[in-house]
Amino acid sequence: MEKDRYKAIPPFSLVPGDLPDFQIYMRTEEGKFVLWAVDGNKVSMEKLARLTEGGRKEIFISLEDEFKYDLHLEANLGKILENEQVPTDNKASIFTRVSTNVVKETFESSLGLGVMSPEALERTKNMVESALAFIAESKSLHALAKMIGHDYQTYEHATKVLWFTVAFLKMYPETLDQIETGHDEELDDTLRNDLLKQCGVGALLHDIGKALIAQEIINKNAPLTEVEWEIVKRHPLNSLAMLLEADLPLFVKQGMVYHHENFHGGGYPMGIAGESIPPLARLLRIIDVFEAMTSRRPYKDPMPPLKAAQIMIGTPENGNGDKASQPDDGNGTKPDQGGDGGEKEKDAAEDANQDDRDRGMRQCFDIDLLRKFIVFLGNVKLDS
Ligand SMILES: [Fe+2]
């Protein structure tokens, strides 16, 4: 069948001026596929506008070019989301396609959890799509687009944090029930569903304030200077500033602002501790760190999930640790303060009592929540 050789794509997924080098087809009323553009790069904005003004909802690419299409979407996701001409449902489906690929790739390669089943993929798509629809409604799409255009790596990280957050809260409904109020109160399924979506939104937006930090700092392949580190530490408040007008629930905004607070104090931006840190922020603290440690970054290789969990809970596999087992709070290597990174830590390794790596990062986390997260990791079965 001729139609089996083509893939329908929304015309708005093409970004004039930055089009992929593949051929584009149209389907005639008789169902025949005709070449519309030999080279995507030669398509002008006017030509694309004429096409969509006529009410055409789909154009086609050869199935062989699907991989190039995905690369094109990845490279242009921020621009597509910012384009006001693109209808929200188009944005949601494009965003979902890219984000689902990000999650799929992570689980199948980096985390080595095996092939994602069609059902697990479908659930991921639904989760991402509903989070994006909510973001669009709450007037925070512009901020998200800005972050994606600025720093694709932060977007990938946020997408994975979204997946973990929603999957974890699905496994622990009693934790989900506490997210908004901070205390026990059994909720019905409709409320839980809404909460779950909103938590996904908080996860996706938690680092959005990094859009205001220079890329050279975010992607720096060396320890940050004191000044750079101070700039990085502003990102939770930047997030709040960017989303001040957005119609998001308070607990979502709190999750973003406090996701670097440590359960035993000493975090940022406010230095609050214990139960004063709202539950979503405590959960994001754990997932953010775990995702950062198990991901590839410009300055480090990915760490195996078990090793990351051991460091987080405070039981690294060897007493003195090594370079690869240094904690990472998701913001690169901190300045040399004898803390999580830097040369002084090598000296501290001489004294097991003073070595952060022997204590892991335990002091950062709500230990009950961390315990649940470790159990969750052991239970992640993507095809169940
Ligand atoms: Fe962060």
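In this predicted model, strand β2 (residues 24-27) and strand β3 (residues 33-37) run antiparallel to each other and pair over four bridges. The protein as a whole contains 17 helices and four strands. Of its 384 residues, 40% count as buried. Among contacts with a separation of 6 or more, 70% join residues 24 or more positions apart.

**The β2–β3 hairpin**

- Strands β2 and β3 form a hairpin, with five residues between them.
- Within this pairing, Met26 stands opposite Val34 in β3.
- The turn includes Gly31, which has a positive phi of about 85°.

**The largest nonpolar core**

- The largest nonpolar core holds 87 residues, and the members that touch the most others are Ala131, Leu144, Leu162 and Met312.
- Helix α13 (residues 279-294) supplies the largest share of this core, namely 10 residues.
- Both domain 1 (1-69) and domain 2 (87-379) contribute to the core, with at least three residues from each.
- As a general background, nonpolar side chains tend to be buried together in soluble globular proteins.

**Helix α5 and its surroundings**

- Helix α5 (residues 141-150) has the buried residues Leu141, Ala143, Leu144, Ala145, Met147 and Ile148.
- These buried residues pack against five helices: α2 (66-82), α4 (118-137), α6 (152-171), α8 (189-205) and α11 (235-242).
- Leu144, one of the buried residues of α5, touches Leu81, Ile135, Leu205 and Ile208 when residues up to four places away in sequence are not counted.
- Ile148, also buried in α5, has its C-alpha 9.5 Å from that of Glu74, although the two are 74 residues apart in sequence.

**Helix α2**

- The end C-alpha atoms of α2 are 23 Å apart, which agrees with the 24 Å that its 17 residues should span at 1.5 Å a residue.
- Helix α2 nevertheless bends by about 65° at Asn76.
- Asn76 is itself buried, as are Tyr69, His72, Leu73, Leu77, Gly78, Ile80 and Leu81 in this helix.
- Glu74 lies in α2 as well, but it counts as partly exposed because it has 16 C-beta neighbours inside 10 Å.

**Helix α6 and Thr165**

- Helix α6 has 20 residues and reaches 29 Å from its first C-alpha to its last, close to the 28 Å expected at 1.5 Å a residue.
- This helix is mostly covered, since 15 of its 20 residues are buried.
- Thr165 lies in α6 and counts as buried because it has 28 C-beta neighbours inside 10 Å.
- Not counting residues up to four places away in sequence, Thr165 touches Cys199, Gly200, Ala203, Leu283, Leu284 and Ile287.
- The C-alpha atoms of Thr165 and Leu204 are separated by 9.6 Å, and the two residues are 39 apart along the chain.

**Helix α13 and Ile286**

- Ile286 lies in helix α13, the helix that gives the core its largest share.
- Ile286 counts as buried because 24 C-beta neighbours lie inside 10 Å.
- Leaving aside neighbours within four places in sequence, the contacts of Ile286 are Phe365, Leu369, Leu370 and Phe373.
- The C-alpha atoms of Ile286 and Phe373 are separated by 8.0 Å, with their positions 87 residues apart along the chain counted as their distance apart.

**Unusual backbone geometry in loops**

- Most residues other than glycine have a negative phi, and most peptide bonds are trans.
- Lys139 has a positive phi of about 65° although it is not a glycine.
- Lys139 is placed in the loop between α4 and α5, and it is partly exposed, with 13 other C-beta atoms within 10 Å.
- The peptide bond from Tyr268 to Pro269 is cis, with omega near 10°.
- Pro269 is found in the loop between α12 (250-257) and α13.

Key. Residues numbered from 1 in each chain as written. Predicted model: local features only at pLDDT ≥ 70, side-chain atom pairs only at ≥ 80, totals over all residues. Helix = DSSP H or I, 4+ residues; strand = E, 2+ residues; numbered from the N terminus. Buried ≥ 20, exposed ≤ 12 C-beta atoms within 10 Å, placed from the backbone. Contact = placed C-beta atoms within 7 Å. Core = buried A, V, L, I, M, F, W, Y, C linked by C-beta atoms within 7 Å. Domains from an automatic or database assignment. Pairing = 2+ DSSP bridges. Expected span 1.5 Å × (residues − 1). Bend = angle between axes of the 7 residues up to and from the residue.
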